[in-house]
Amino acid sequence: MASIPDFNKALYAPLAEVDPEVQNIIDKETWRQFSGLELIASENLTSRATMEANGSILTNKYSEGLPSARYYGGNEWIDELEVLCQQRALQAFHLDSAKWGVNVQPYSGSTANFAALTALLQPQDRLMGLGLPDGGHLTHGYYTAKKKMTASSIYFQSLPYGLDAATQLIDYKNLASQAKIFKPQLLICGASAYPRDWDYAALRAIADEHGAFLMADIAHTSGLVAAGELADPFEYCDVVTTTTHKTLRGPRAGLIFFRKDSEKAKGLEKRVNDAVFPACQGGPHNNTIAGIATALLQACQPTWKAYAKQVIANAKALGEELVAQGYKLQTQGTDNHLVLWDLRPLGLTGSKLEKLCDLVGITINKNAVSGDASAQVPGGIRLGTSALTSRNMLEADVRVVADFLHRAVQLALVLQKEAGSKLLKDFVRVASVEEEGKEGARKVRELRREVRAFARRWPVPGVDVSALKRPAGIEEDD
């Protein structure tokens with residue numbers, strides 16, 4: 001073996017030696033995930049095997065194009081990998097390769113969605129998607145009165161549909177009426193904060209009435225769909241997109257499935273593939289595709305259905321516990337992995353509860369709820385159970401988490417009173433600094449200790465928690 005010149009020695013040394021600052025940041029994030037509770041509905045904890053694939057030597061290879069049609073040489077094993085990933089994607093969702101195809105190259109769900117729009121529409125064509133304040137996603141055409149927020153509203157004409165005010169379910173009747181006037185070329189279903197399932201047959205009927213494509217974005221629910229625990233969008237849709245890192249529990253990326261067996265889908269395979277590359281992105285991230293393939297293999301196993309069932313059971317238990325405490329949830333329950341908690345009856349904002357939960361080691365996110373005047377000032381919190389389930393928690397354990405959340409809300413009301421103003425900075429001050437005559441900061445510290453002790457009882461995928469030590473830069477009050 002030839003000797004290594006000085007200018008290349010760093011290539012063979014471990015991260016901790018080459019870049020201790022980045023290693024320390026990774027160590028601190030590992031400690032945070034071990035010591036806290038992750039309830040963000042769009043997050044999960046991927047497997048050790050997926051992380052190994054995602055951190056592999058495959059990151060070195062450029063492979064613009066598709067298997068057997070690359071712009072670079074040396075891709076025989078990359079071709080084998082991508083074909084394997086495609087096969088596993090179809091298998092995971094129980095699809096016939098004669099009827100469906102899939103592109104596994106999108107870098108993310110948002111990239112996948114815009115590539116799908118590029119394939120299905122011309123600039124300034126019309127689309128309809130669920131409005132963001134009603135649980136939809138930015139990439140489904142969201143805009144405000146003052147600004148077109150995303151490429152989906154900048155490059156296409158968009159009309160949002162919404163929920164029935166009484167039931168807080170998708171208002172399919174009003175959607176049909178809107179479509180008669182707007183005449184969309186594309187109807188998008190799917191959401192980022194909707195706790196119930198979808199009526200794909202009703203959506204297909206509306207799309208057919210106007211000769212429109214029907215696209216489902218199942219980014220949040222794809223792992224549950226693959227398990228057969230939610231309705232099947234593939235039975236009705238022309239295109240289905242998803243992320244791979246939420247309920248599917250893979251690395252951070254996206255997939256685009258396209259129908260091949262209908263007259264309307266004629267030429268769709270080429271349109272989708274050309275939209276991904278070269279229209280919207282460059283060379284695929286082969287290390288990530290390896291991680292996707294590994295995650296999809298897991299989703300093909302009999303144990304996957306048990307995981308998906310437990311995610312939903314945990315979400316139902318979480319919702320039931322909060323309702324039992326007298327809190328208001330959107331639709332008062334869930335069919336999937338998330339619950340949407342309406343804080344407006346309490347006079348509390350999502351921003352304040354998110355900030356307090358950060359202080360006590362519970363990671364959640366503020367979220368608009370139906371009827372909010374603005375998605376920028378959300379009146380609710382979105383909670384998901386995928387990550388807790390990946391740490392082996394069952395219903396009884398999630399009820400403990402629900403009690404932590406109940407205590408956090410009651411504490412937030414105390415802090416809001418102690419702050420003496422509506423400003424978030426004053427709320428954070430009284431939560432963080434003990435002041436004479438005020439008990440809020442002390443109770444924050446007590447709750448943080450309880451959450452931390454509970455969280456550290458559970459493993460973290462890909463991490464040897466028995467060897468973990470608190471890294472430099474982490475200050476704790478115990």
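**Exercise 1. Characterise the salt bridge between D426 and R429.**

Solution. Step 1: the side chains of D426 and R429 meet in a salt bridge, with N and O 3.7 Å apart; the term denotes a side-chain nitrogen of Lys or Arg within 4 Å of a carboxyl oxygen of Asp or Glu. The model is predicted: local features need pLDDT of at least 70, side-chain atom pairs count only at pLDDT 80 or more, and totals for chains, interfaces and linings use all residues. Residues are numbered from 1 along each chain as its sequence is written, and side-chain values use heavy atoms, with hydrogens and water left out.

Step 2: both residues belong to helix α16 (residues 424-432), where they stand 3 residues apart, about one turn of the helix. Helices (H or I, at least four residues) and strands (E, at least two) are DSSP runs numbered from the N terminus.

Step 3: D426 has a relative accessible area of 16% and is therefore buried, whereas R429, at 32%, is partly exposed. The classes are buried under 20% relative accessible area, exposed over 50%, and partly exposed in between (1.4 Å probe, protein chains only).

**Exercise 2. Determine where E52 and R48 lie and how accessible each residue is.**

Solution. Step 1: a salt bridge joins the side chains of E52 and R48 at 3.0 Å, N to O. Side chains of opposite charge can pair when their charged atoms come close.

Step 2: the two residues are 4 residues apart in helix α3 (residues 48-54), about one turn of the helix.

Step 3: E52 counts as partly exposed because its relative accessibility is 48%; R48 counts as exposed because its value is 57%.

**Exercise 3. Describe the pair R442 and E439, then place the salt bridges in the whole structure.**

Solution. Step 1: the closest N and O atoms of the salt bridge between R442 and E439 are 3.7 Å apart. R442 is partly exposed at 31% relative accessible area, and E439 is partly exposed at 33%.

Step 2: elsewhere, salt bridges that share partners link K328, D342, R344 and D372 into one network.

Step 3: the structure holds 29 salt bridges.

**Exercise 4. Describe the contact between domain 1 and domain 2.**

Solution. Step 1: the chain is divided into domain 1 (57-300) and domain 2 (305-461), with bounds that come from an automatic or database domain assignment. Their C-alpha centres lie 30 Å apart. Domain 1 contributes 26 residues to the contact and domain 2 contributes 28, where contact means heavy atoms within 4.5 Å.

Step 2: the area buried between the domains is about 2200 Å², and carbon and sulfur atoms give 52% of it. Buried area is the accessible area (1.4 Å probe) that two parts lose on being put together, summed over both. In domain 1, Q168, P195 and R196 lose the most area to domain 2, together 28% of what that side buries.

Step 3: between the domains there are 3 salt bridges. E229 forms a salt bridge with K309, with the closest N and O atoms 3.5 Å apart. On the side of domain 1 that touches domain 2, there are 12 nonpolar, 9 polar and 5 charged residues; Ala, Val, Leu, Ile, Met, Phe, Trp, Tyr, Cys and Pro count as nonpolar, Asp, Glu, Lys and Arg as charged, and the others, Gly among them, as polar.

**Exercise 5. Compile the surroundings of I256 and S390.**

Solution. Step 1: I256 is found in strand β10 (residues 254-259). At 0% relative accessibility, I256 counts as buried.

Step 2: leaving aside neighbours within four places in sequence, the contacts of I256 include G101, V102, N103, V239, V240, V272 and V276. The C-alpha atoms of I256 and A295 are 16 Å apart, with the two positions 39 residues apart in sequence numbering.

Step 3: S390 is in helix α14 (residues 386-390) and is buried, at 8% relative accessibility. Not counting residues up to four places away in sequence, S390 touches N44, L45, R249, Y307 and P461.

**Exercise 6. Identify the buried residues of helix α13 and examine the residue just after the helix.**

Solution. Step 1: the buried residues of helix α13 (residues 350-360) are G350, K352, L353, E354, L356, C357 and V360.

Step 2: just after α13, G361 adopts a positive phi of about 90 degrees.
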